[in-house]
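Visitor: I am new to protein structures, and I would like to learn how to read one. Could you walk me through this one?

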Amino acid sequence: MSHLLAGLSLAAEASVLDNIQAFFSEGGPFMYVNVASSAIALAIIVERAYRLLFQYSLNAPPFMDQISKLVITNNIDRAVKLCDAAKTAALARVVRAGLTRANRGELEVAKAIEESILEVTPLLSKRIASLWSLANIATLFGLLGTILGLIHTFSALDKVADPGRRQQLLAHGISEAMNNTALGLGIAVTCMIGHLLLTNRAKAMVEEIEISALKLENMLARRGAGEAGEAQG
């Protein structure tokens with residue numbers, strides 16, 4: 001029984017590979033152009049997803065809770081070290097910029113935080129917009145392959161008199177046209193979905209950073225006001 005299942009599995013894999021090979025061979029040269037564009041799109045999606053979900057990401061609520069406790073107890077140095085422990089995270093970079101100016105007044109803190117936000121925001125949205133352009137390019141390449149395939153087919157039909165051969169050429173031309181269209185649209189849909197998901201993630205991270213930065217400014221302002229009050233007392 002196990003040998004039979006193994007044989008069926010191998011046969012299924014061979015059939016899938018044969019279908020893929022036939023799909024590309026029937027599609028003509030523009031199929032491989034679209035394969036190159038799909039490789040670029042997938043590389044961008046994977047790279048951006050990794051950076052947004054892991055490298056630049058940080059669980060903001062518990063992180064800001066720890067920062068708040070350290071600021072309240074006047075442990076600014078420990079708060080900075082906590083940020084250094086997650087130095088690749090965008091939020092930690094912004095918070096650290098504010099903490100390092102904690103003793104220079106509210107205006108310096110606000111400037112440092114604003115400057116840091118302007119630095120990290122492009123890192124979060126980098127290369128995402130290119131996915132939309134790749135979607136349009138893939139669609140156009142697919143349509144171009146479709147049109148050229150039909151032009152080649154109909155020009156060949158004029159030179160063939162045998163009805164059977166004409167039918168074969170027509171079927172091959174339609175297959176080439178549809179394969180190009182299908183691949184181009186498939187790549188375009190993938191790019192659009194990736195663009196949508198990555199854009200939403202980047203916007204959510206920027207909003208989270210801005211809210212956390214505002215909370216930090218308020219914490220440091222209250223701390224400064226408390227220290228001023230103690231000095232006057």
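Guide: Happy to! Keep in mind that this is a predicted model.

Visitor: Let's begin with Gln55. Which helix is Gln55 found in?
Guide: Look along the chain for the stretch that covers residues 30-55. Gln55 belongs to that stretch, which is helix 2.

Visitor: Is Gln55 buried, partly exposed or exposed?
Guide: The relative accessible area of Gln55 is 22%. Buried means under 20% and exposed means over 50%. The value for Gln55 lies between those cut-offs, so Gln55 is partly exposed.

Visitor: Which residues does Gln55 touch, leaving out those up to four places away in sequence?
Guide: One partner shows how the chain comes back on itself: the C-alpha atoms of Gln55 and Thr88 are 6.0 Å apart, although 33 residues separate them along the chain. Within the sequence neighbourhood, the side chain of Gln55 also has a polar contact of 2.5 Å with the side chain of Arg51. Leaving out residues up to four places away, Gln55 touches Tyr50, Thr88 and Ala89.

Visitor: Now Arg48. Is Arg48 buried or exposed?
Guide: Arg48 also has its place in helix 2. Its relative accessibility is 1%, and anything under 20% counts as buried. Therefore Arg48 is buried.

Visitor: What residue does the side chain of Arg48 join in a polar contact of 2.9 Å?
Guide: Arg48 has many neighbours from elsewhere in the sequence: Tyr56, Leu123, Leu124, Lys126, Arg127, Ile128 and Leu198. The polar contact of 2.9 Å, however, joins the side chain of Arg48 to that of Glu47.

Visitor: Let me step back to the whole chain. How many helices and strands does the chain have?
Guide: Reading from the N terminus, the elements run α-α-α-α-α-α-α-α. Each α stands for a helix, and the count is eight helices and zero strands.

Visitor: What percentage of the contacts in the chain with a separation of 6 or more joins residues 24 or more positions apart?
Guide: For background, the chain has 233 residues, and buried residues make up 35% of them. Among contacts with a separation of 6 or more, those between residues 24 or more positions apart account for 76%.

Visitor: How do helix 4 and helix 5 run relative to each other, roughly parallel or roughly antiparallel?
Guide: Two packed helices are described by the angle between their axes and the distance between the axes. Helix 4 (residues 76-85) and helix 5 (residues 90-99) have axes 9 Å apart and pack at about 155°. Angles over 145 degrees count as roughly antiparallel. Helix 4 and helix 5 are therefore roughly antiparallel.

Visitor: Which residues of helix 4 and helix 5 make the contact?
Guide: The crossing of these two helices is left-handed. From helix 4 come Ile76, Ala79, Val80, Cys83 and Asp84, and from helix 5 come Ala92, Val95, Arg96 and Leu99.

Visitor: How many nonpolar, polar and charged residues are in the contact of helix 4 with helix 5?
Guide: Asp and Arg count as charged, and the contact includes Asp84 and Arg96. Sorted by class, the contact has seven nonpolar, no polar and two charged residues.

Visitor: And helix 3 with helix 5: are they roughly parallel or roughly antiparallel?
Guide: The axes of helix 3 (residues 60-72) and helix 5 come within 12 Å and cross at roughly 15°. Angles under 35 degrees count as roughly parallel. Helix 3 and helix 5 are therefore roughly parallel.

Visitor: How many nonpolar, polar and charged residues does the contact of helix 3 with helix 5 have?
Guide: Helix 3 passes helix 5 in a right-handed crossing. Ala60, Phe63, Met64, Ile67 and Val71 in helix 3 meet Leu91, Ala92, Val95 and Leu99 in helix 5. By class, that contact has nine nonpolar, no polar and no charged residues.

Visitor: What is the value of phi for Asn74?
Guide: Asn74 lies in the loop between helix 3 and helix 4. Most residues other than glycine have a negative phi. Asn74 is a residue other than glycine with a positive value, near 65°.

Visitor: One last stop, Ala129. Is Ala129 buried or exposed?
Guide: Ala129 lies in the loop between helix 6 (106-125) and helix 7 (130-157). Its relative accessible area is 56%, and the cut-off for exposed is over 50%. So Ala129 is exposed.

How values were computed. Residues are numbered from 1 along each chain as its sequence is written. This is a predicted model: local features need pLDDT of at least 70, side-chain atom pairs count only at pLDDT 80 or more; totals for chains, interfaces and linings use all residues. Side-chain values use heavy atoms; hydrogens and water are left out. Helices (H or I, at least four residues) and strands (E, at least two) are DSSP runs, numbered from the N terminus. Buried means under 20% relative accessible area, exposed over 50%, partly exposed in between (1.4 Å probe, protein chains only). Contact means heavy atoms within 4.5 Å. A polar contact is a pair of N or O atoms within 3.5 Å; within protein, one must be able to donate a hydrogen and the other to accept it, and residues adjacent in sequence count only if both atoms are side-chain atoms. Axes are lines fitted to C-alpha atoms, for helices over the stretch in contact, and angles run from 0 to 180 degrees between N-to-C directions. Angles under 35 degrees count as roughly parallel, over 145 as roughly antiparallel, 65 to 115 as roughly perpendicular and the rest as oblique. A crossing is left-handed if the near helix is turned anticlockwise from the far one by less than a right angle, and right-handed if clockwise.
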